[in-house]
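My notebook is open, and I have one helix and one cavity to look up. Come along and check each entry against the picture.

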Amino acid sequence: MKVTLISHTPQPEKIVAAAAKICYSDSSAAQLMDGLDDEKSQKFVEMLSSLGHESPIEHVTFTFGIEGVSRTFLAQITRHRLASYSVQSQRYVKQDNFVFITPPEIENNEECKKLFNDSMKSSLDAYNKLADLLEQKHYDEFISSGIDEKTARSRAEKKAIEDARFVLPNACETKMVVTMNARSLLNFFRMRCCLRAQWEIKAAADDMLKLCVAVAPSLFKKAGPSCVMSGRCTEGKMTCGKAAEITAHYAEVKRNIANA
């Protein structure tokens, strides 16, 4: 897995502070921005956090590149609807030698790993055979309709992999660009940094959190699972029972970033 912060709103904490201040001021947005330095912005953002006033932080966004994740991951992250996604398409990108993601529990068990790898090979073989058979069928149809060979071959391949992809497993690797505003990110971290989150999306969430803390430490000072953000677990009887340990872990992570 590789997670990178491609871009973010410049001066995110200053933008948030100015957006909040304009609600209570007759000054212009430009004047408010000019009157804010880093220290004032930090203090104002921290005050907003203590009050639970989150709407101003929607004005800043963060865009991530996420690679080396599975289609299972894709199904989970797109449940977070207040975000924008651009994902590598199996409709247009042929997976004739696809990369697959192996869960750690399978990787560390030889019997499971063999069964898993055999299944991946079987899926790949079926995909390639289906793609070849369908491509030839569509090519013949396009040629018979008067389309030139080059165009017929290109169209036939695209049409073939559109259906052949149905045999590809959830383990198939994909990549994407994801944009979220800071408020949506806090909610994402609250849910996906939790120990109860599936391992792959938790790993991505932790990487995304570290990248956000590095550029906007005050904005993401309390970011993390619910036990970190609110001081209590919201998982009820499903709690892991490790709130104190987890809170200490994320505090250490943020200290290390601040001291780096």
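I started with the length of helix H3, residues 38-51. Helices here are DSSP runs of H or I with at least four residues, numbered from the N terminus. The expected span is 1.5 Å times one less than the number of residues, so the 14 residues of H3 should cover 20 Å, and its end C-alpha atoms are indeed 20 Å apart.

This is a predicted model, where local features need pLDDT of at least 70, side-chain atom pairs count only at pLDDT 80 or more, and totals for chains, interfaces and linings use all residues. Residues are numbered from 1 along each chain as its sequence is written, and side-chain values use heavy atoms, with hydrogens and water left out.

Next I asked which residues of H3 are buried (under 20% relative accessible area, 1.4 Å probe, protein chains only). I found Ser41, Phe44, Val45 and Leu48. Down the axis of H3 they fall within an arc of 100° (taken from the directions from the axis to the C-beta atoms), so they line one face. These buried residues pack against helix H1 (12-21), with contact meaning heavy atoms within 4.5 Å. On the other side of H3, I noted Lys43 and Ser50 as exposed (over 50%).

Then I looked at the ends of H3. Asp37 caps the N-terminal end, with a side-chain oxygen 3.2 Å from the backbone nitrogen of Glu39. Just after H3, Gly52 has a positive phi of about 75°.

Terms used: Helix = DSSP H or I, 4+ residues; strand = E, 2+ residues; numbered from the N terminus. Polar contact = N/O pair within 3.5 Å; in protein donor to acceptor, adjacent residues only side chain to side chain.
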